[in-house]
Amino acid sequence: MTAHPLLGATEVARTEPYLRTVGEVFRAFRDQDSGCVSYGVRLTNGERWFVKEATTAAARHSLDRAWTFHRAVRHPAIVPQLHRLAVRAGGPAVVMPWHAGEVLYHPTLHRHGGRTHPDHPLARFRAQPVAPVLRAVDRILDAHLAVEAAGFVAVDLYDGAFLYDFDAGDLRLIDLDEYRPGPFTLEADRLPGSRRFMAPEESQRGSRIDTRTTVHALGRAIRLLLDAGDEERAWRGTAEQLAVVQRAARADPGERFTDVGELAVAWRRSVC
């Protein structure tokens, strides 16, 4: 049997030239602030895949961390890293399934912002009826129950991690490269991430990063997804739901829900 051109390969000289020998590179993401270059490739048999290559030392470290995460965590909403390629001229590179959809926020090296423009994916997501937004939130929470059960904590969770298929009404999580086993003590001045989502302890050297930190990130995600705008003045949920979100995102970790499981129970009760 002929080996799969991606899942059966172990080493390539250079990523993009190799991809062009086995199929069509129909998308290329070169201007990423992550230090990675990614490709959408359609093989000659019609299969579509997503290939992500690290181009900097920091990105290689991040992909190594992500590989460990994806070996430990499986959930239908989390797009998995299925295979790893050694790249002699760079790399490594990882192979993932291609899924239809749009990233709700896609910052690049040369462009940030724009979330409130009517054509922006996040603005379009927020313009939907509340019901599909609630379904997306529940999917995010359910995925993080699996993350917590595997002993990992969320780092660098933000709207750029949400891939949403507007036609199917389906949300998936991508680029969870900074998730790591927890709890752990922060040995740097700051963790990577968007300040809109980060807990105070993520910017305090020596602080404890644990599942309450994940709870904070999820609370902020719900607050920003279920608001009609970017100024947090147009909450679309109920008062009970807002109270759950506010508790999840309190500055003092001791005042938050103790873990993702407790947050999920409180949130689902508020939605019923």
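## A walk through the sheet and a helix pair

Start by selecting strand E4 (residues 48-54) together with E6: the two pair in the antiparallel sense, with 5 bridges between them. Keep in mind that you're looking at a predicted model.

To find your way along this pairing, pick out Trp-49, whose bridge partner in E6 is Pro-97. Then hop to Lys-52, which has Val-94 as its bridge partner in E6.

**Stay on E6**

Now select E6 alone, residues 93-97. Is this strand mostly covered or mostly open? Mostly covered: 5 of its 5 residues are buried. Turn the view and check both faces. Ala-93, Val-95 and Pro-97 lie on one side, Val-94 and Met-96 on the other, and all of them are buried.

Switch E4 back on and you'll meet a similar picture, as E4 is mostly covered, with 6 of its 7 residues buried.

**Over to E5**

Next, add strand E5, residues 83-87. E5 pairs with E6 in the antiparallel sense over 3 bridges. One spot to zoom in on is His-83, whose bridge partner in E6 is Val-95. Follow the chain from E5 to E6 and you trace a hairpin with 5 residues between the strands. In that turn, click on Gly-91: its phi is positive, about 70°.

**Back across to E3**

Select E3 (36-43) now. How many bridges join E3 to E4? There are 7, and the two strands run antiparallel. Val-41 makes a handy marker, with Trp-49 as its bridge partner in E4. You've already visited Trp-49, the residue whose partner in E6 is Pro-97. E3 and E4 make a hairpin too, this one with 4 residues between the strands, and Gly-46 there takes a positive phi near 95°.

**The whole sheet**

Time to zoom out and show every strand of the sheet. Reading across, the order is E1-E5-E6-E4-E3-E2: an open sheet of 6 strands with mixed pairing. Which strands sit at the edges? Those are strand E1 (11-12) and strand E2 (23-29), each of which pairs on one side only.

Go to the E1 edge. Here E1 and E5 pair in the parallel sense, over 2 bridges. Select Val-12 and look across: Val-87 in E5 stands opposite.

**Helices on the sheet**

Keep the sheet visible and add helix H1, residues 15-22. H1 packs on the sheet and touches E1, E2, E3, E4, E5 and E6; the direction of H1 makes about 140° with that of E2. Then bring in helix H2, residues 57-72, which also packs on the sheet. H2 touches E3, E4, E5 and E6, and its direction makes about 130° with that of E4.

**Last stop: a helix pair**

Hide the sheet and select helix H5 (residues 211-225) with helix H6 (residues 239-248). Their axes are 7 Å apart, and the helices pack at an angle of about 140°, which makes H5 oblique to H6. The crossing of H5 past H6 is left-handed.

Show side chains where the two meet. From H5, the contact uses Val-215, His-216, Gly-219, Ile-222 and Arg-223; from H6, Leu-242, Val-245 and Ala-248. Colour these by type and you get 5 nonpolar residues, 2 polar and 1 charged.

Methods. Residues are numbered from 1 along each chain as its sequence is written. This is a predicted model: local features need pLDDT of at least 70, side-chain atom pairs count only at pLDDT 80 or more; totals for chains, interfaces and linings use all residues. Side-chain values use heavy atoms; hydrogens and water are left out. Axes are lines fitted to C-alpha atoms, for helices over the stretch in contact, and angles run from 0 to 180 degrees between N-to-C directions. Angles under 35 degrees count as roughly parallel, over 145 as roughly antiparallel, 65 to 115 as roughly perpendicular and the rest as oblique. A crossing is left-handed if the near helix is turned anticlockwise from the far one by less than a right angle, and right-handed if clockwise. Contact means heavy atoms within 4.5 Å. Ala, Val, Leu, Ile, Met, Phe, Trp, Tyr, Cys and Pro count as nonpolar, Asp, Glu, Lys and Arg as charged, and the others, Gly among them, as polar. Buried means under 20% relative accessible area, exposed over 50%, partly exposed in between (1.4 Å probe, protein chains only). Two strands pair if DSSP finds at least two bridges between them.
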